[in-house]
Amino acid sequence: MYQPDAKESQDVKWNEFTLIVPAVSVGNVGQLTADLLICTLYMNKVGYLCDDSILPMVGNDPYTTNSEGQICNLVTGAQVYMSASLKLIVIQQRAPFVKGKRGQFCEKLMSWIQEKQFRQVVIVTSSHAHMRTDTQLQGSQLRYLATPEFDALTQNSVEENLHWMRLEPSENPLQSQDSDLYIPGGGLAKTLFSACKLSHVAAVCVLTFCAEGENAVDAIQLATFLNQYLKVADEKNQFPTPGNVGRSPWKIPISWNLLYGNSVDQMIY
């Protein structure tokens with residue numbers, strides 16, 4: 001499944017790395033969060049995931065530092081980025097799953113995770129805001145779920161020291177089984193988290209409640225939430241946010257300039 005680029009170091013000990021997997025979910029918040037991590041940390045592309053469960057695609061590099069985006073480095077539907085100094089691996093998925101093959105992708109991804117023996121797995125996703133429980137309507141819209149192995153690895157520090165909130169069980173009586181894994185709109189997150197739990201992998205799923213629309217701010221909030229634990233981005237850095245509504249420690253990829261298409265040509269008026 002994983003195909004390394006020729007430049008990848010052969011001496012990397014993957015068991016020392018944290019793997020971040022964004023789920024294709026409501027608002028694409030997981031993928032936007034991966035964009036922020038890859039761009040801000042100047043992560044290197046080291047390989048790609050090749051499987052017939054993902055629709056084939058090719059495009060220009062969305063993380064080019066050229067202000068006009070004229071440097072053409074091709075990217076594919078699912079690529080792997082690495083920061084050796086931070087011991088961080090991020091998968092970025094840009095193409096949807098082939099209908100009926102999401103389970104196949106999860107199985108192969110889990111095999112790769114077990115083969116590389118990552119220190120921990122972080123699943124980044126989002127969930128439909130209109131399906132929140134009554135207790136979730138106010139306060140923080142950020143939640144997490146963790147396997148027992150992750151709790152043991154961190155000694156419950158994310159809840160005790162960072163005051164993260166665990167995802168509340170579903171109040172829907174039809175969701176009595178695995179009610180703590182009720183993530184509507186979360187894409188692959190529930191399946192992958194369940195597989196990690198079954199395989200005794202140290203894994204955490206972080207998510208935000210949101211709706212479809214302009215989700216750049218949701219991604220910035222989720223990346224900042226995750227950074228409280230990983231501490232990979234320097235919060236002293238202050239980059240402009242989309243729409244220049246403020247500043248954040250996250251560098252915005254040039255591809256976000258056209259996230260929702262070109263602006264309307266004023267000449268037509």
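**Entry 1: Arg 166 and its partners**

I began with Arg 166, which I find partly exposed at a relative accessible area of 29%, where buried means under 20%, exposed over 50% and partly exposed in between (1.4 Å probe, protein chains only). I note that this is a predicted model, in which local features need pLDDT of at least 70 and side-chain atom pairs count only at pLDDT 80 or more, while totals for chains, interfaces and linings use all residues. Residues are numbered from 1 along each chain as its sequence is written, and side-chain values use heavy atoms, with hydrogens and water left out.

Which residue does the side chain of Arg 166 meet in a salt bridge? I found Asp 151, at 2.9 Å from N to O, a salt bridge being a side-chain nitrogen of Lys or Arg within 4 Å of a carboxyl oxygen of Asp or Glu. Asp 151 lies in helix H3 (residues 148–154) and Arg 166 in the loop between H4 and H5, so this pair ties together parts that are 15 residues apart in sequence. Helices (H or I, at least four residues) and strands (E, at least two) are taken as DSSP runs, numbered from the N terminus. At 15% relative accessibility, Asp 151 counts as buried, whereas Arg 166 is partly exposed. I also recorded that Glu 159 joins Asp 151 and Arg 166 in a network of salt bridges.

**Entry 2: other salt bridges**

My search of the whole structure gave six salt bridges. One of them joins Asp 51 to Lys 108, with the closest N and O atoms 2.5 Å apart. This pair links distant parts of the chain, since Asp 51 sits in the loop between strand E3 (44–49) and strand E4 (58–59) and Lys 108 in helix H2 (residues 102–116), 57 residues apart. Asp 51 is buried at 13%, while Lys 108 is partly exposed at 35%.

I then looked up Glu 168, whose side chain meets that of Arg 143 in a salt bridge at 3.0 Å, N to O. Glu 168 belongs to the loop between helix H4 (157–160) and helix H5 (189–198), and Arg 143 to strand E9 (residues 142–146), so the pair ties together parts that are 25 residues apart in sequence. Both Glu 168 and Arg 143 are buried.

**Entry 3: the cavity and Met 131**

How many cavities of 30 Å³ or more are there? I count one, a cavity being a set of points, on a 1 Å grid over the protein atoms alone, where a 1.4 Å probe fits but cannot get out. Its volume is about 70 Å³, taken as the space filled by probe spheres set on the points, which are joined across faces, edges and corners. The lining (residues with an atom within 4 Å of a point) includes Glu 168, Met 131, Ser 170, Tyr 182 and Pro 184. I sorted the lining into six nonpolar, four polar and two charged residues, with Ala, Val, Leu, Ile, Met, Phe, Trp, Tyr, Cys and Pro as nonpolar, Asp, Glu, Lys and Arg as charged, and the others, Gly among them, as polar.

Met 131 lies in the loop between E8 and E9 and is partly exposed at 34%. Leaving aside neighbours within four places in sequence, Met 131 is in contact (heavy atoms within 4.5 Å) with Tyr 182 and Pro 184. I also noted that the C-alpha atoms of Met 131 and Ser 170 are separated by 9.7 Å, although these residues are 39 apart along the chain.

**Entry 4: helix H1 and what follows**

For helix H1 (residues 29–40) I compared two spans: at 1.5 Å a residue its twelve residues should span 16 Å, and the end C-alpha atoms are 16 Å apart, which agrees; the expected span is 1.5 Å times one less than the number of residues. Twelve of the twelve residues of H1 are buried, among them Val 29, Asp 35 and Thr 40. They pack against strands E2, E6, E7, E8 and E10 and against helix H6.

Tyr 42 follows H1, lies in the loop between H1 and E3, and has a positive phi of about 50 degrees although it is not a glycine. Tyr 42 counts as exposed at 53%. Lys 87 likewise has a positive phi, near 55 degrees; Lys 87 is in the loop between E6 and E7 and is partly exposed at 35%.

**Entry 5: the whole chain**

I closed with totals: the chain holds six helices and twelve strands, and 49% of its 269 residues are buried. Of the contacts with a separation of 6 or more, 74% come from residues 24 or more positions apart.

How values were computed. On a 1 Å grid over the protein atoms alone, a cavity is a set of points where a 1.4 Å probe fits but cannot get out, and a pocket is an open set with protein on both sides within 12 Å along at least five of seven lines; lining residues have an atom within 4 Å of a point.
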